Amino acid sequence: MISQKLEPNEALTSQAKIDALKNAISSGLLSEETPLAGFVDLDGIKRTVESLMSSFPSHFSHHFAVKANSINGVLKALNATGLGAEVASPGELAQALKAGFDKNKIVFDEPAKSKSVVKLALEAGVNLNIDNFEEFELVKALVEQNPPEANLGFRVNPQIGAGSIEAMSTATKTSKFGVPLEDEGVRDKLIALYQQHSWLNSIHSHVGSQGCPIPLMAECIAQVVKLVEDINTAVGHQQIKNINIGGGLTVNFGSEEVFPTFETYAQTLARVVPQLFTGEYRVLTEFGRSIMAKNGFIAARVEYAKVSGGRKIAISHGGSQVAARSTFMPNAWPLRITAHDTNGELKSTDLVKQDIAGPCCFAGDLLAKNRLLPELSRDDFIMVHETGAYYFSNPFYYNSLPAPPVYGFCGNDANQPLSIIRKAQTIEEMMAVIG
Ligand SMILES: *Cc1c(COP(=O)(O)O)cnc(C)c1O
């Protein structure tokens, strides 16, 4: 059997992550009492945002999709890099404002905005994307009383197709998001509304998420830009100045390697939709997963190792409460796991098949089934990779398990103490949330 060790081209995990884990164990932050934590790579965030910004020209402005990781310390770190924020609820708006994002750099996207929420967003002066024609009437009534400060426009769905995960595909024919461009009469109605309302100066489309291939995304965006050109021609001048192309770049969950890169995406867009690169439009993006997934991991202590029906099972403290997506949809969202000893060192013993179970009381609470890993035993740790977006930041209160603490590390200094990004939730705080 091959052993689990670091090969130059096939890194299972990075030295920075191992150092962070070892630090947390030796300083008592991960222990019998606190057996589960999330970790955020603060240097990694800077590097990722740099690669995003340098891949696109400067008339692109990038926004982080707050739902991917709304922890205050993470949002502050992202705000410090110069990103804006994409929010989809009054809660996310409050989180973005608290983290210091400027209102001009906030985009509001909720599909079910009530009248009071539309009012709240308009009064906050943030950019607003209108999901459907009924919402348009609400917005119009409010805008006619008070001319808007911010950019407004429709979210459109080019209805081009699905990626590999149906629940993540937003540009299908029957998607719940946006105005369906190919439905009969819709395109003409949209063009007429832009002609009649000069305050509509933007367009938005978020055409996919994990599993959506780059060529399909680019094709969708090309359709949106074609609509923009048709509208501007019909109006007679460049009324639409802002084109928001959403987020949705896929993340590699299979190794440490980052691909596809922002650069690859930018190159494809430049070929398929060159109009975005001339500088005649301000282009907005809203990446979430591709900014944070690889900049976070979960570490959990193994409480017991047992055998059942011949199957080896390691029972750890990380399960559905921090990785609901993967335990409920294991085929769509498999997570990479590495095995570490009691000190946090990568284990390099022979690989054996084992289930990695979580602490929750339902049979599907497994992070991995029949996974080949060095045999885990009591007091070992597992590292669960690519969990910086949509995992430990989005806790699930199954079995009333409190949200774990989150620590920040800076990869270039193994001895630097970890920073506290989020304190461990107490039982009292958990009870206050559940009510
Ligand atoms: C979720 C979402 C995003 C971010 O998607 P990722 O796949 O995390 O990049 C961007 N825009 C909108 C409107 C979203 O709903």
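## Close-up views of a predicted model

**View 1. His62, a buried residue of strand S2.** With a relative accessibility of 6%, His62 counts as buried, since the cut-off for that class is a relative accessible area under 20%. The residue belongs to strand S2, which comprises residues 60-65. Its side chain is engaged in a polar contact with the side chain of Thr285, at 2.7 Å. As in the other views, the coordinates are those of a predicted model.

**View 2. The ligand and the residues that surround it.** The ligand is surrounded by 15 residues, the closest of which are Lys67, Ser209, Glu286, Arg289 and Tyr390. By class, the shell around the ligand is made up of 3 nonpolar, 6 polar and 6 charged residues.

**View 3. Polar atoms of the protein beside the ligand.** In the side chain of Glu286, an N or O atom lies 2.7 Å from a nitrogen atom of the ligand. The side chain of Tyr390 likewise provides an N or O atom, here 2.6 Å from an oxygen atom of the ligand, whereas Arg289 is represented by a polar backbone atom, 2.8 Å from an oxygen atom of the ligand. Of the 390 Å² of accessible area that the ligand has on its own, the protein covers 93%.

**View 4. A nonpolar surface patch built from Phe328, Met329 and Phe396.** Together, Phe328, Met329 and Phe396 make a nonpolar patch of about 270 Å² on the surface. Met329 is placed in the loop that runs between helix H11 (320-328) and strand S13 (337-340). The relative accessibility of Met329 is 36%, so this residue counts as partly exposed.

**View 5. The cis peptide bond between Phe259 and Pro260.** Phe259 and Pro260 are joined by a cis peptide bond, for which omega is about -10 degrees. Pro260 is located in the loop between strand S9 (242-244) and helix H9 (262-272).

**View 6. Asp379, a loop residue with positive phi, and its partner Arg301.** Asp379 is a residue other than glycine that nevertheless has a positive phi, near 75 degrees, and its place is in the loop between strand S15 (366-374) and strand S16 (381-384). Arg301 and Asp379 form a salt bridge in which the closest N and O atoms are 2.7 Å apart. Because Arg301 lies in strand S11 (residues 296-308) and Asp379 in the loop between S15 and S16, the pair ties together parts that are 78 residues apart in sequence. The two partners fall into separate accessibility classes: Arg301 is buried, at 5% relative accessibility, while Asp379 is partly exposed, at 30%.

**View 7. Ser400, a further loop residue with positive phi.** The phi angle of Ser400, which is also a residue other than glycine, has a positive value near 55 degrees. Ser400 sits in the loop between S16 and strand S17 (406-409). With a relative accessible area of 34%, Ser400 is partly exposed.

**View 8. A salt bridge along helix H8.** The side chains of Asp230 and Lys226 meet in a salt bridge, with an N to O distance of 3.3 Å. Both Asp230 and Lys226 lie in helix H8 (residues 214-235), where they are 4 residues apart, which is about one turn of the helix. Asp230 is partly exposed, its relative accessible area being 26%, and Lys226, at 42% relative accessibility, counts as partly exposed as well.

**View 9. Arg47 and Asp41, a salt bridge with a buried aspartate.** Here the side chains of Arg47 and Asp41 come together in a salt bridge, at 3.8 Å from N to O. The acidic partner, Asp41, has a relative accessibility of 9% and therefore counts as buried.

**View 10. A salt-bridge network, set beside the pair Arg301 and Asp379.** The structure as a whole holds 16 salt bridges. The bridge between Arg301 and Asp379 includes a buried residue, Arg301, with 5% relative accessibility. Elsewhere, Lys17, Glu256, Lys294, Arg336 and Glu386 are joined into one network by salt bridges that share partners.

Definitions and conventions. Residues are numbered from 1 along each chain as its sequence is written. This is a predicted model: local features need pLDDT of at least 70, side-chain atom pairs count only at pLDDT 80 or more; totals for chains, interfaces and linings use all residues. Side-chain values use heavy atoms; hydrogens and water are left out. A residue is near a molecule or strand if one of its heavy atoms lies within 4 Å of it. A polar contact is a pair of N or O atoms within 3.5 Å; within protein, one must be able to donate a hydrogen and the other to accept it, and residues adjacent in sequence count only if both atoms are side-chain atoms. Accessible areas come from the Shrake-Rupley method with a 1.4 Å probe; for residues, only the protein chains shown count as cover. Ala, Val, Leu, Ile, Met, Phe, Trp, Tyr, Cys and Pro count as nonpolar, Asp, Glu, Lys and Arg as charged, and the others, Gly among them, as polar. Patches are made of residues with over 30% relative accessible area and no salt bridge: like charges are joined within 9 Å, nonpolar side chains (Val, Leu, Ile, Met, Phe, Trp, Tyr) within 5 Å. A salt bridge is a side-chain nitrogen of Lys or Arg within 4 Å of a carboxyl oxygen of Asp or Glu. Helices (H or I, at least four residues) and strands (E, at least two) are DSSP runs, numbered from the N terminus. Buried means under 20% relative accessible area, exposed over 50%, partly exposed in between (1.4 Å probe, protein chains only).
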